[in-house]
Amino acid sequence: MPFREKNGIPYYYFSSLDFPELTQAAFTRRGGVSPAPWGTLNLGGAVGDAPERVAENRQRAFRAVGHSFDSMYAVWQVHSAKVVQVTAPLTSPENILKADAMVTDKVGVSLFMRFADCVPVLFYDPIHAAIGLAHAGWQGTVRKVATATVEAMQEYYGTKPEDILTGIGPSIGPDHYEVGPDVIAEVECAFPDDASALLFSRDGAVKLDLWKANQLALEQAGVTQVEIAGICTACHVEDWFSHRAENGRTGRFGALIGLV
Ligand SMILES: [Zn+2]
């Protein structure tokens, strides 16, 4: 597994996105100050943890990858397919926008999101030096937030989809993601030709492969380079927060991407 560690903060990175001019990380839950059920590196501000602990954890995470916390840009994640074009760090929490993807070509801006089972998708166009980060739970997946991010990079930076390197980060795996009739219907509607490859029956339940669904959404947008971390958060709650495996009482780990 490709992990790095600094100051006691381990983080996963994608081998195919490993460039000196790019910082990218999926932080684990290790190395922070929060007690159970947020133990320990909870980066989520809306899960009941104390704000001062979340602030300390975020400082630690950013410091581990050599980025100033002042470089952060974040959105209020609402399971949409809305993409924000980012030109500068977030100046005040009051200015936060509701969206589920961000793109930028600015050096010194750290795109940052929080996760506990939903899929982090990272984007890098090395030709135009543009990046993106998306949050795809089942809703963002069927709304094709991954596709919308590719389209935003095409529109704003002249990116060619075939040049984009993408990474699908740690998130709930197909073995653990049981879904009900409503979700099944939405997946069949969003992926009419591929639903049978994304939904499968096991142990008397129907399960959804969010990794493959996001890979398909990327490929439908013309992306050819997709690296899947293949790490299931629900299988590894010692390393990752899992909303499903921990019955909603848990924290959020962070994903970050930034040009340096
Ligand atoms: Zn699993």
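I looked up Phe123 in this predicted model and found Phe123 in strand β8. I then asked whether Phe123 is buried or exposed. Phe123 has 28 C-beta neighbours inside 10 Å, and 20 or more are needed, so I noted Phe123 as buried.

I listed the contacts of Phe123, leaving aside neighbours within four places in sequence: Ile131, Gly132, Thr149, Met153, Ile164 and Thr166. I also checked Val109, 14 residues from Phe123 along the chain; the two C-alpha atoms are separated by 14 Å.

Two of those contacts, Thr149 and Met153, led me to helix α3, where both are buried. The other buried residues I noted in α3 are Val145, Ala146, Thr147, Ala148, Val150 and Ala152. For what covers the buried residues of α3, I wrote down β5, β6, β8, β9, α2 and α6 among the elements included.

I checked the length of α3, residues 145-157. Its 13 residues at 1.5 Å a residue should span 18 Å, and the end C-alpha atoms are 18 Å apart, so the two values agree. Just after α3, I found Gly158 with a positive phi of about 70°.

Next I went to strand β6, residues 101-104. Ala101 and Val103 point one way, Met102 and Thr104 point the other way, and all are buried. In a regular strand, side chains alternate between the two faces of the sheet.

Last, I followed the pairing of β6. With β5 I found the parallel sense over three bridges; Val83 has Ala101 as its bridge partner in β6. With β9 the sense is antiparallel, over four bridges, and Thr104 has Ile131 as its bridge partner there. Ile131 is also among the contacts of Phe123.

How values were computed. Residues are numbered from 1 along each chain as its sequence is written. This is a predicted model: local features need pLDDT of at least 70, side-chain atom pairs count only at pLDDT 80 or more; totals for chains, interfaces and linings use all residues. A residue is buried if 20 or more other C-beta atoms lie within 10 Å of its own, exposed if 12 or fewer, and partly exposed in between; C-beta atoms are placed from the backbone. Helices (H or I, at least four residues) and strands (E, at least two) are DSSP runs, numbered from the N terminus. Two strands pair if DSSP finds at least two bridges between them. The expected span of a helix is 1.5 Å times one less than its number of residues. Two residues are in contact if their C-beta atoms, placed from the backbone, lie within 7 Å.
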